[in-house]
Amino acid sequence: LAPEEPPLRDAKTLQPVAIPEAGRNQQFVIKLDVAKSVKPGLHQGDVRVETDKGTETLAFAIRVLPVDLPEQAAPMNDPDGTWISHMNSFPLVLGQTNAERVKYVKDVMKRLHDAHVNQVNQLWDSPKMVELAKEAGFVADQVHGTKFAKPKDWRDWYPKALLPELTSADKEAGIRASMREKQEAKEYHDKYLPGALQWSIYVSESSWYTVQQDLQAEVGEVAHRLGQKIFAHGHERNGIWATDVQDMHSDSGANAKSEGRWHAAGGKVIAYCDPFPGAENPMIFRYGMGFYKYRLGYDGDMLHGFLNQRVPFNEWAEDYGGDGNYRNFAMVFPQQGGIIWTLAWEGVREANNDLRWLTKMVRQARTAQQSANEATRREGKRQMVWLENLELKGTDVEMVRAGVQRRILLLAEMLKRKGGAK
């Protein structure tokens, strides 16, 4: 950080680190993005480390594998689908010129897209945001946002005293009134996001019966007639009371029962606050947002949130906005005119990369299972059983990725030599 530029601004270059005693280790993370034009093979280089006692040159080697990964991962149980990598809280942009705001948004969107995040709240909320999001590479096939928030309950058009006397004709009139109220949002969608599936976000933290069943069911018909899908997040009991109403649910913590319940109803299930933002260890996010939910059979992850700025520049503030006195919901930190990216964020990026490797292996193994060659077919089956047998708790995700890569290379060679589908 550069403390001479208050209140907070990231340093323009990597700053020296004081290591107080001899023999102490200090970790540094080097991120190397390999261009698709780089040829497979072993590439060597070095890193120069400058200290007060001189310069050390450290040799290193990077192996580039002959594998093209899918741009977006897919759920384990739906290898032809798309894994939902969702972020809440696109960061606010305050006190800048319009040109600076555009540059800032572009920079953030690029980093999000490069981490293979594919859904962010506020991403599609204005024509300019839509333009910038598409320019950054985001695909508007599924959209969330404030414009698509829940329609009005048709019963709210009537005095409460009359509710017991309402007829089916009154209900139809109320539904049409709620649909008309959303006409502007529908026109916006048709103009700027044609063909995109709208997820209409419902009640947060829904954990009691009247909200999960009665309220959502009555409003749900309005959403479905508008061409929307219903998305809510809350307690596990949603899987008991609301599977016939919601089209996608976000659990307040991943669990082994949810996948079967929601998929049996023809819906999708993701999870949020598991893990919660705030921790600094990137492996918490790499494991929890990647392999763990993938093996549980989830359809995606919803991180709450990317950068919540109700209490800017103070991660331990008294937050009277409803979230108590604990660390602000933030994977990154705000600064003047931008964002300070963190090691924790690298865990998110690596989680999505793990999922891309897993998706490549599963797709290839499914192809091999249809091979006319006996050895190839059996290898495809073995690989899927290997994945199924991996332990969820305490799994070393570095070893999982290495195992996945080995199996991809093995099966790719078998398919090349011995044939693919029947």
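This section walks through a predicted model of the protein chain, from its overall make-up to two helices, the salt bridges and a few unusual backbone spots.

The protein chain comes out with a mean pLDDT of 86, and 88% of its residues reach 70 or more. The weak spot worth flagging is residues 1–6, where pLDDT stays under 50; the model has 11 contacts beyond four places in sequence for this stretch. As for secondary structure, there are 11 helices and 12 strands. Of the 422 residues, 45% count as buried. Taking contacts between residues at least 6 apart in sequence, 64% join residues at least 24 apart.

Helix 1 is a good place to start. With its 17 residues, helix 1 reaches 24 Å from the first C-alpha to the last, close to the 24 Å expected at 1.5 Å a residue. Its buried residues are Val 102, Tyr 104, Val 105, Val 108, Met 109, Leu 112 and His 113. These fall within an arc of 160 degrees when seen down the axis, so they line one face of helix 1. What they pack against is a mixed set: strand 4 (119–120), helix 2 (127–136), strand 12 and helix 9. Turned away from that buried side is a face carrying the exposed residues Ala 99, Lys 103 and Lys 110.

Lys 103 also takes part in a salt bridge, its side chain meeting that of Asp 107 at 3.1 Å, N to O. Both residues lie in helix 1 (residues 98–114), four residues apart, or about one turn of the helix. An α-helix has 3.6 residues a turn, so residues three or four places apart point the same way. Lys 103 counts as exposed, at 54% relative accessibility, while Asp 107 is partly exposed at 40%.

Salt bridges turn up elsewhere too, and the count comes to 23. Arg 401 and Asp 354 form one of them, with the closest N and O atoms 2.7 Å apart. This pair ties together distant parts of the chain, since Arg 401 sits in helix 11 and Asp 354 in helix 9, 47 residues apart. Both Arg 401 and Asp 354 are buried. Another bridge joins Glu 350 to Arg 349, the closest N and O atoms being 3.3 Å apart, and here again both residues are buried. Neither pair stands alone: Arg 286, Glu 346, Arg 349, Glu 350, Asp 354, Glu 398 and Arg 401 are linked in a network of salt bridges.

Just ahead of helix 9, in the loop that follows strand 12 (338–340), sits Thr 342. Thr 342 is buried, at a relative accessible area of 16%. Its side chain reaches the backbone nitrogen of Trp 345 at 3.1 Å. Setting aside neighbours within four places in sequence, Thr 342 touches Met 331, Val 332 and Phe 333.

Helix 10 (residues 374–389) has 16 residues and spans 23 Å between its first and last C-alpha atoms, close to the 22 Å expected. At its start, a side-chain oxygen of Asn 373 comes to within 3.1 Å of the backbone nitrogen of Ala 375. Thr 376, Arg 377, Glu 379, Gly 380, Gln 383, Met 384 and Leu 387 are the buried residues in helix 10. They cover an arc of only 165 degrees around the axis, which puts them on the same side of helix 10. Their packing partners are helix 8 (282–296), helix 9 (343–368) and helix 11 (397–418).

Finally, the backbone. Most residues other than glycine have a negative phi, and most peptide bonds are trans. Ser 89 goes the other way, with a positive phi near 70 degrees; this residue belongs to the loop between strand 3 (84–87) and helix 1 and is buried, at 15% relative accessible area. On the other end of helix 1, His 116 follows with a positive phi near 65 degrees. His 116 lies in the loop that leads on to strand 4 and is buried at 9% relative accessibility.

Cis peptide bonds show up as well. One runs from Asp 274 to Pro 275, with omega near 10 degrees, and Pro 275 is placed in the loop between strand 9 (268–271) and helix 8. Another runs from His 304 to Gly 305, with omega near 0 degrees; Gly 305 is found in the loop between strand 10 (300–303) and strand 11 (333–335).

How values were computed: Residues are numbered from 1 along each chain as its sequence is written. This is a predicted model: local features need pLDDT of at least 70, side-chain atom pairs count only at pLDDT 80 or more; totals for chains, interfaces and linings use all residues. Side-chain values use heavy atoms; hydrogens and water are left out. Helices (H or I, at least four residues) and strands (E, at least two) are DSSP runs, numbered from the N terminus. The expected span of a helix is 1.5 Å times one less than its number of residues. Buried means under 20% relative accessible area, exposed over 50%, partly exposed in between (1.4 Å probe, protein chains only). The arc is that of the directions from the helix axis to the C-beta atoms. Contact means heavy atoms within 4.5 Å. A polar contact is a pair of N or O atoms within 3.5 Å; within protein, one must be able to donate a hydrogen and the other to accept it, and residues adjacent in sequence count only if both atoms are side-chain atoms. pLDDT is the predictor's confidence in each residue, from 0 to 100. A salt bridge is a side-chain nitrogen of Lys or Arg within 4 Å of a carboxyl oxygen of Asp or Glu.
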